[in-house]
Amino acid sequence: MSLDEKFTPIRKGLLEFLVLKIVAANQVYAADILKALSATEFATQEGTLYPLLSKIRRDGLVDYEWKESESGPPRKYYELTPKGRARLQETADYWAKISGTVKNLGQK
Amino acid sequence: MNKVITLNLNGNAYQLEESGYEALRGYLETASRRLEGNPDQAEIMADIEQAIADKFRARLGPHKTVIVSREVAEVIGEMGPVEDAKPGSNDTATSASASTPPHGGATPVGSTSPVSPRRLFKIRDGAMLAGVCNGLAVYTHLDVTVIRVLFAVLTVFTYGSGGLLYLLLAILLPTADTPAERDAAFGGPSTAQEFIRRAKAGYYEGLKSFHDSESRREWKRKFRRDMRDWRQEFRREMASHAAQSGVAGHGYWWAWPHPGAGLWPALLLLSLTKAIITFAWILATLSLLATGAVFGLALPAGMPLWLGLIVLFVAYRFIIWPVRAARHVCRLHSGYGVHGFTGFADSFVWLGVLILLVWTADRYVPGAHNALQQVPPALHQALDSLRTWWAKR
């Protein structure tokens, strides 16, 4: 089992956190999110992203507005809601704690 | 040379090679099924269709108007399997998603899942009344609008027995509430594809047997001869029946099945024949309008569409004429009022034949299925052009 496979569940679990991070930095539409993730270990496809976006919107973490685009039909631009911002802060803190633990555990 | 299919993706028309179309359809059906029960299902599907449309558009140019099958496979590969992000749906089968996208030749997801036959259910999501049409639409893979229009037309033309059928179905059909029932209603995606594959194999096999033009002509001749003989025999039979029952003809309409009313089976048969011919004509017209060909047979070169429609209509009138005449004779001698029991019973015959025909055509004639699927966009287009015309005045 490769490391890549081994960490699949962890990457999957972190995806929501990363999407929140990307949306927090900028008002983006789905293709921007995919592009931001594509160069990383978290490269994702539409098939995964769209249901995830719909879920976090339903959870009240993000919202979208329709905006005209120069080419093609209007697009949904996502941005964080106050609740999403709070969740992002919470998750970031928790992640910092976990990664601190991973780093420090077993060291002398 | 490959057949090209036009499809509507979230409001945009694209032309795809046939095998690519099947692959895409499989992908979308699987996606829709995986999102079953998700309150945002329709919205996510629209997003996904839009994303596919964007990817198609990026592959088209002024000199390239058709998406080839290889490109469809590429796009499906890029999209990746659709998986629901519902809380608690952490099944391992979908866990590979966060890994890097696969490159090239992706196959539609779920094409290997076990075959499960679809069942007819009522489906309440998005239903207008009880969800009967919705269930039928899912069962037949047709747009629900087509089914609804069919039901409405049926009710008008059949003395209301279409409405009666709806009521019956509404009472008899179970509602698909649980996920398992929904799965049964929608069936495995493999079922649909397997069906299409098999139907096509049969269709082409049939066409192949007509390759020899001499035998084809012979077959046609024989068919026409048989039809003529059959019609003559039928008329003779009718005449004798009419003569017999002329005596006992003045019964009451509820006397059916009165043994003296020997015309009843004949009337039934005639109604059946008339209904079959009429619906064959309607299907042929629809098919001509939607695909420019009658059940896959293209019009002769240089023949405009309107002329084709007229020829179809004339042929229909010609074929139906003896049947109509016989029915008329039959009714005159039967003593049943045209607006009495026969009219109502007739409508049931029509109903049965319509359902059987549409079902058969949908299942076994790939062209007819596509034609039926083209009806809603065609209706929308017609409405739009009508509206612009009205606005101009």
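Start by selecting B:I310 in this predicted model. With a relative accessibility of 43%, B:I310 counts as partly exposed, because that class lies between the 20% limit for buried and the 50% limit for exposed. Show the cartoon as well, and you will find B:I310 in helix α11 of chain B, which covers residues 305–334.

Now add the partners of B:I310 to the selection: B:W306, B:L307, B:V311, B:F313 and B:V314. Together with B:I310 they make up a nonpolar surface patch, whose combined accessible area is about 560 Å². A surface view coloured by residue type is a good way to look at this patch.

Next, step back to B:P304, in the loop that links β5 (297–298) to α11 of chain B. B:P304 is partly exposed too, its relative accessible area being 31%. For a distance label, pick the C-alpha atoms of B:P304 and B:G292: they are 9.7 Å apart, while the two residues are separated by 12 residues along the chain.

Then move over to chain A and select helix α4, residues 46–58. Its 13 residues span 18 Å from the first C-alpha to the last, close to the 18 Å expected at 1.5 Å a residue. How many of the 13 residues of α4(A) are buried? The count is 11, so this helix is largely enclosed by the rest of the structure. Among the buried residues to click through are A:L49, A:Y50, A:L52, A:L53 and A:I56, and also A:E46 and A:K55.

For the last stop, select A:G60, which follows α4(A) and has a positive phi, near 80°.

Key:
Residues are numbered from 1 along each chain as its sequence is written. Chains are lettered from A and ligands numbered from 1 in the order in which they are written. This is a predicted model: local features need pLDDT of at least 70, side-chain atom pairs count only at pLDDT 80 or more; totals for chains, interfaces and linings use all residues. Side-chain values use heavy atoms; hydrogens and water are left out. Patches are made of residues with over 30% relative accessible area and no salt bridge: like charges are joined within 9 Å, nonpolar side chains (Val, Leu, Ile, Met, Phe, Trp, Tyr) within 5 Å. Accessible areas come from the Shrake-Rupley method with a 1.4 Å probe; for residues, only the protein chains shown count as cover. A salt bridge is a side-chain nitrogen of Lys or Arg within 4 Å of a carboxyl oxygen of Asp or Glu. Helices (H or I, at least four residues) and strands (E, at least two) are DSSP runs, numbered from the N terminus. Buried means under 20% relative accessible area, exposed over 50%, partly exposed in between (1.4 Å probe, protein chains only). The expected span of a helix is 1.5 Å times one less than its number of residues.
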